[in-house]
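Here is a structure to look at for the first time. The questions below ask what stands behind each term.

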Amino acid sequence: MKLAMIGFGQAGGKIVDKFLEYDQRTQSGIVRAAVAVNTARADLMGLQHVPEENRVLIGQSRVKGHGVGADNELGAEIAEEDIDEVQGAIDNIPVHEVDAFLIIAGMGGGSGSGGAPVIAKHLKRIYTEPVYGLGILPGGDEGGIYTLNAARSFQTFVREVDNLMVFDNDSWRQSGESVQSGYSEINEEIVTRFGILFGAGEIGGGDDVAESVVDSSEIINTLAGGGVSTIGYAAEEVEMQNSGGLLSRFTGNGGGGTGEDTAHTTNRITNLVRKAALGRLTLPCEIQGTERALLVMSGPSEHLNRKGIERGRKWLEEQTGSMEVRGGDYPVKEPNVASVVLLSGVTNVPRIKELQQVAIEAQDNIDDIRQESETNLESLVEDDEDELDPLF
Ligand code: GDP
């Protein structure tokens, strides 16, 4: 599936940069165009792969290239005021060649948190291609304002996109790690999961022919209907056959060689599907009640088979209660069999309810502190008996 990616803010820009690196490394062909938008000049300069002409600095007259300091209302205002500059970069994208837009942003900060929903609304008005969001939730230790920003941005972003895929930094951070090295591992995780998912619908002519290929229309149909999505992933190392997928085609038993191998291949696939769906999701949630799901099995074609994918799909139907579970394979020449499970339209998400609760508390505290500090300042500046007059 070919995407036009727009990274908004620091996190958004860095993740788009990482997608470009992944695309070059794996030849997955998913990034048809990449744009980075920011109010902070330094963040744009730090990118390595996004072409210079696709880096858009907005709000120069308001914040002079220094960012909005986690003020997402200002981030949204600036994005609206300077939407033409963003559109200018999008005008250079051959939109007829892309299957969808993907807007990526950290939701706890200012530029991306405020700006991403504004761009989404704008794109949806102008183009017929679907507009998806990838929203990053902040870690719980980042503090009240980040949580409040994320909760407000989440509400707005979900409303403005065709589907919001969520990644929760909180469930991925590891203690004792520096923030930077932590993020680089987290970003790798994000790019791997989404890379396999979107790469599945983008099989080139030279690749092994998949038994039941995942087409980009299946990704689009799984994401259609809106709402919130989460993604599971599990992988296992395997040995590659030098002959590639030839053996399985000659033996005619759908991959896996002998009967015993086939059973082994099938079992491996069903185990990986369970691990992916029940393991750590990008957004932790209850999978029962998921509206639609898509299973993508990637790996060397001799390690993929239709039976395994069918069983995995059935199991997902039982677990989610969904009648719309799609599935297929994505042959790649890497010594890994991986299962990616996209769960779309999840609604039982305690993490979001907790985020909203903390955000409401933070909002109340901020209001109290603001009022208190006004009173305190007044009592400091005014003399007790009101004997002094200000100059003017
Ligand atoms: P902005 O530039 O004002 O949009 O704000 P940032 O993107 O710097 O930060 C917003 C939020 O994104 C932070 O609160 C973090 O939770 C998260 N974040 C920042 N950098 C990264 C990153 O490289 N990877 C991930 N996964 N999250 C990040």
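**Ligand, domains and charge pairs**

Q: What makes Lys14 and the ligand a polar contact?
A: A polar side-chain atom of Lys14 lies 2.8 Å from an oxygen atom of the ligand. A polar contact is a pair of N or O atoms within 3.5 Å; within protein, one must be able to donate a hydrogen and the other to accept it, and residues adjacent in sequence count only if both atoms are side-chain atoms. The Lys14 pair is therefore a polar contact. This is a predicted model: local features need pLDDT of at least 70, side-chain atom pairs count only at pLDDT 80 or more, while totals for chains, interfaces and linings use all residues. Residues are numbered from 1 along each chain as its sequence is written, and side-chain values use heavy atoms, leaving out hydrogens and water.

Q: Which atoms of the ligand do Asn169 and Asn187 approach?
A: Nitrogen atoms. A polar side-chain atom of Asn169 lies 3.0 Å from one. For Asn187, the distance from a side-chain N or O atom to a ligand nitrogen is 2.7 Å.

Q: How many residues surround the ligand?
A: 18 residues do, each with a heavy atom within 4 Å of the ligand. Among the closest are Ala11, Gly112 and Glu142.

Q: How do you know where domain 1 and domain 2 lie?
A: An automatic or database assignment sets the bounds. It gives domain 1 as 3-200 and domain 2 as 228-344. Their centres, taken over C-alpha atoms, are 29 Å apart.

Q: What is in contact between domain 1 and domain 2?
A: 21 residues of domain 1 are in contact with 20 residues of domain 2 (heavy atoms within 4.5 Å). Nine residue pairs are in polar contact, both at pLDDT 80 or more. Helix α8 (179-200) gives the most to the domain 1 side, with eight residues.

Q: How many salt bridges cross the interface of domain 1 and domain 2?
A: Zero. A salt bridge needs a side-chain nitrogen of Lys or Arg within 4 Å of a carboxyl oxygen of Asp or Glu. The whole structure has 19.

Q: Why is the pair of Arg25 and Glu21 called a salt bridge?
A: Their side chains meet at 3.4 Å, N to O. The cut-off is 4 Å, so the pair qualifies. Arg25 and Glu21 are four residues apart in helix α1 (residues 9-26), so about one helical turn separates them.

Technical notes
Helices (H or I, at least four residues) and strands (E, at least two) are DSSP runs, numbered from the N terminus.
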